[in-house]
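Subject: Structure handover

Hello,

Here is the structure you are taking over. My notes on what was found in it follow below.

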Amino acid sequence: MREKAVLLDDKSIQRALVRISHEIIEKNKGVENVVLLGIKTRGVPLAKRIASYIESFEGFMVPVGTVDISLYRDDLTEKYEEPHVEKNKLDFDIKGKKVILVDDVIFTGRTVRAALDAVMDLGRPKSIQLAVLVDRGHRELPIRPDYVGKNVPTSLNEVIEVRLNETDNEDKVIIIEK
């Protein structure tokens, strides 16, 4: 596998997240009853960054939680021999809230489908929206993000790799050829 191109550098990631933050505020007419749930792993730091931007614009910190979708995957036996799963628990109730799921890349839609199942097990929100840093296409399920940092048409022999300071010590999105 070789790096084909840098899609987003640190400044581009920041601009995309700032824009997504503004779009969340606009679409929801403020942030009352909005909560962010980051899909583990890289969705969590992205959700925290979005919450921080929203706080700087609105003066209110929206709650941020984590969703581990490992047990909800439809390919669990193919992907993991012994998955390490943490129980989903939040420090806040999602009942009646506007939940915004946050992830790094949307591809087939299966991760989001699993996250929807996990959220519904936590309670019944008023609505669920989806924010992603990169949409690479190739959906297998009828799932579409509400907020997208960058649309990147890809071939199936390409991989989008998101690297974040919180997990990888750098902010960069690259495309890799298999």
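A definition first: two strands count as paired if DSSP finds at least two bridges between them. Please also keep in mind that this is a predicted model.

Overall make-up

The protein chain has five helices and eight strands. Along the sequence they come in the pattern β-α-β-α-β-α-β-α-β-β-β-α-β. The radius of gyration of the protein chain is 16 Å, which agrees with the value near 16 Å for a compact globule of 178 residues. The C-alpha trace spans about 45 × 40 × 30 Å along its principal axes. Of the 178 residues, 48% are buried. Among contacts with a separation of 6 or more, 69% are between residues 24 or more positions apart. The exposed area of the protein chain is about 9500 Å², and carbon and sulfur atoms supply 46% of that area.

The three-stranded sheet

Strands 1, 8 and 7 form an open sheet in the order 1-8-7, with antiparallel pairing. Its edges are strand 1 (2–8) and strand 7 (158–163), each of which pairs on one side only. Neighbouring strands here are turned by 30° against each other on average, direction ignored. Strand 1 is joined to strand 8 (residues 172–177) by five bridges. V6 has I174 in strand 8 as its bridge partner.

The five-stranded sheet

The other sheet to report is also open, with five strands in the order 3-2-4-5-6 and parallel pairing. Strand 3 (64–67) and strand 6 (147–151) each have a single partner strand, so one side of each is left without a neighbour in the sheet. The average turn between neighbouring strands of this sheet is 25°, direction ignored. Strand 4 (residues 98–106) and strand 5 (residues 127–135) run parallel and are joined by eight bridges. L101 has L130 in strand 5 as its bridge partner.

Helix 1 (residues 10–27) packs on this sheet and touches strand 2 (34–39), strand 4, strand 5 and strand 6. The direction of helix 1 makes about 150° with that of strand 6. Helix 4 (residues 110–122) lies across strand 2, strand 3, strand 4 and strand 5, and runs at about 155° to strand 4.

The annotated segment

Which residues does the UniProt annotation "short sequence motif: PRPP-binding" cover? According to the record, an unreviewed entry, the annotation covers residues 99–111. Over residues 99–111 the chain is 62% strand and 15% helix. The end C-alpha atoms of this stretch are 16 Å apart.

Regards

Notes:
Residues are numbered from 1 along each chain as its sequence is written. This is a predicted model: local features need pLDDT of at least 70, side-chain atom pairs count only at pLDDT 80 or more; totals for chains, interfaces and linings use all residues. Side-chain values use heavy atoms; hydrogens and water are left out. Helices (H or I, at least four residues) and strands (E, at least two) are DSSP runs, numbered from the N terminus. Axes are lines fitted to C-alpha atoms, for helices over the stretch in contact, and angles run from 0 to 180 degrees between N-to-C directions. The radius of gyration is taken over C-alpha atoms; the globule rule is 2.2 Å times the number of residues to the power 0.38. Buried means under 20% relative accessible area, exposed over 50%, partly exposed in between (1.4 Å probe, protein chains only). Contact means heavy atoms within 4.5 Å. Accessible areas come from the Shrake-Rupley method with a 1.4 Å probe; for residues, only the protein chains shown count as cover. UniProt positions are given in the numbering used here, feature names are shortened, and annotations may be inferred rather than shown by experiment.
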